[in-house]
Structure formats: structure tokens, C-alpha cells
Amino acid sequence: MKVRDGMVTKLVTASPRETAAEVARKMRDYKVGCVLVSNEGKLLGLITDREIALRCVAEARNPQTTRVEEIMTRNPFTITPDFEMAEAARLFGQRKVRRFPVVEDGQKLLGILSVADVAPDFKAYFDGIFHELVEWRHVAKGRLDGWEGASWVR
């Protein structure tokens with residue numbers, strides 16, 4: 001499965017000139033925890049509810065006047081729509097992030113993929129593997145079937 005098949009394309013975006021308070025209201029209204037910061041369809045960064053809390057509120061900055069461009073994550077890790085979902089899942093762990101903006105041609109914003117978008121596919125995958133392992137165990141239970149020559153089998 002490709003990223004394009006699982007990404008969210010109804011994006012909540014903000015201008016870098018919007019304030020933290022304006023973006024927080026967008027998060028509330030659209031029920032999202034992350035807003036992509038863009039200009040003319042090009043990704044500039046992203047801002048999460050946690051970043052607003054830690055980089056603005058906790059630092060005693062005024063959310064009514066603090067611009068998103070001052071506190072956003074610039075140049076976030078991105079992926080392309082042709083990535084395999086398995087590769088995206090691996091990258092979530094490797095990069096220690098929960099969201100990847102999906103871009104084409106370097107910065108053209110197409111969507112966003114979150115860990116939650118990948119999880120259902122891998123649950124089904126691992127459920128299938130678990131089922132196969134259980135069946136294999138039932139077949140092999142009590143028999144060595146081909147393992148007799150292994151040095152660790154006694």
C-alpha cells in the first residue's frame with residue numbers, strides 16, 4: 001500500500017503570519033492537533049498544539065501576538081505519496097515523529113500522514129501473521145518435524 005492511499009488530504013493550514021491564538025482556534029474548530037504552515041501551496045513548516053503550549057504559553061509569550069513562524073517547526077521531515085506504507089511506518093520510529101507532511105517536488109503540499117493513519121494497516125498485517133503462527137504452532141506441537149538434526153534440539 002502506498003502513502004497516497006492512506007494520507008489525509010483535507011488539510012488544515014495556516015499562514016506563517018497567523019498568531020498562535022488563531023491557529024489554536026483552528027485546531028479546536030477542526031479537531032486536529034497539527035496545522036501545516038504553508039504559503040501558496042508550499043510547505044514551510046508545521047505547528048502542533050504541544051508546540052503552542054511549550055514554545056509560546058510556557059515561555060510567557062502572548063498567543064494573541066506571537067506569530068506561528070516564530071514557534072513552528074521549520075523544514076519538517078516529509079515523505080512523498082509514492083512511499084510504501086511499511087517504509088513510512090519504519091520512518092516514524094526512526095525519525096521519532098508522529099506526522100509526516102506529504103509533498104511532491106520538494107515542497108508542494110498534498111496531504112499529511114500520521115501514525116494513526118498507518119496503524120490500522122499494520123494491525124491487519126500483524127493479525128494475519130499471528131494467525132499463521134498460531135496455526136503453525138498447532139501443527140508443530142509435540143513434533144520436531146525437520147528440526148531433529150539441529151544442534152540445539154535435545
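Start with Glu51: at 11% relative accessible area, this acidic residue is buried. The model is predicted, and Glu51 sits in a part of it that repays a slow look. Its helix is H3, residues 49–57, where the buried residues are Glu51, Ile52 and Cys56. Looking down the axis of H3, you find those buried residues within an arc of 100°, so they line one face of the helix. The face turned away from that buried side carries Arg50 and Val57, both exposed.

What does Glu51 do with its charge? Its side chain meets that of Arg55 in a salt bridge, at 3.4 Å from N to O. Both residues belong to H3 and are 4 residues apart, about one turn of the helix. The general rule helps here: an α-helix has 3.6 residues a turn, so residues three or four places apart point the same way. Arg55 is partly exposed, with a relative accessible area of 35%, whereas Glu51 is buried.

Now for the cover. Which elements lie over the buried residues of H3? They include helix H2 (20–30), strand E3 (42–48), helix H4 (68–71) and strand E4 (73–74). Several of these names come back when you turn to the largest nonpolar core, which has 13 residues. Within this core, Val23, Met27, Val35, Ile47, Ile52, Val68 and Ile71 touch the most other members. H2, strand E2 (34–39), H3 and H4 each give two or more residues to the core, and H2 gives the most, with 3. Ile52, met above as a buried residue of H3, is thus one of the well-connected members.

Ile47 is a good residue to click on. Leaving out residues up to four places away in sequence, Ile47 touches Val23, Met27, Gly33, Cys34, Val35, Val37, Ile52, Val68, Ile71 and Met72. Apart from this core lies another, of 11 residues, with Met85, Ala88, Phe92 and Val118 among them.

Step back for the overall plan. The protein has 6 helices and 6 strands, and along the sequence they run α-β-α-β-β-α-α-β-α-β-β-α. There are 154 residues, of which 32% count as buried. Among contacts with a separation of 6 or more, 54% are between residues 24 or more positions apart. On the outside, the protein exposes about 10200 Å², with carbon and sulfur atoms supplying 53% of that area.

Back to charges. Side chains of opposite charge can pair when their charged atoms come close. The whole structure holds 8 salt bridges. One of them joins Asp82 and Arg4, with the closest N and O atoms 2.5 Å apart. Asp82 lies in the loop between E4 and helix H5 (85–95) and Arg4 in helix H1 (residues 3–6), so the pair ties together parts that are 78 residues apart in sequence. Both partners are partly exposed: Asp82 has a relative accessible area of 45%, and Arg4 has 41%.

A further salt bridge pairs Glu69 with Arg17, the closest N and O atoms being 2.6 Å apart. This pair also links distant parts of the chain, with Glu69 in helix H4 and Arg17 in the loop between strand E1 (13–14) and H2, 52 residues apart. Glu69 is partly exposed at 24% relative accessibility, and so is Arg17 at 48%.

Two loop residues deserve a glance for their backbone. Ala60, in the loop between H3 and H4, has a positive phi of about 60° although it is not a glycine. Lys96, in the loop between H5 and strand E5 (99–104), also has a positive phi, near 55°, and is a residue other than glycine. Are these two residues buried or exposed? Ala60 is exposed, at 71% relative accessible area, and Lys96 is exposed too, at 72%.

Finally, how far can you trust what you see? The average pLDDT is 85, and 77% of the residues score at least 70. Confidence is highest in H2, at a mean of 98, and lowest in helix H6 (residues 115–140), at a mean of 65. Over residues 150–154 pLDDT stays under 50, and the model has 3 contacts beyond four places in sequence for that stretch.

Note on methods:
Residues are numbered from 1 along each chain as its sequence is written. This is a predicted model: local features need pLDDT of at least 70, side-chain atom pairs count only at pLDDT 80 or more; totals for chains, interfaces and linings use all residues. Side-chain values use heavy atoms; hydrogens and water are left out. Buried means under 20% relative accessible area, exposed over 50%, partly exposed in between (1.4 Å probe, protein chains only). The arc is that of the directions from the helix axis to the C-beta atoms. Contact means heavy atoms within 4.5 Å. Accessible areas come from the Shrake-Rupley method with a 1.4 Å probe; for residues, only the protein chains shown count as cover. A salt bridge is a side-chain nitrogen of Lys or Arg within 4 Å of a carboxyl oxygen of Asp or Glu. pLDDT is the predictor's confidence in each residue, from 0 to 100. A nonpolar core is a set of buried Ala, Val, Leu, Ile, Met, Phe, Trp, Tyr and Cys residues joined through side-chain atoms within 4.5 Å.
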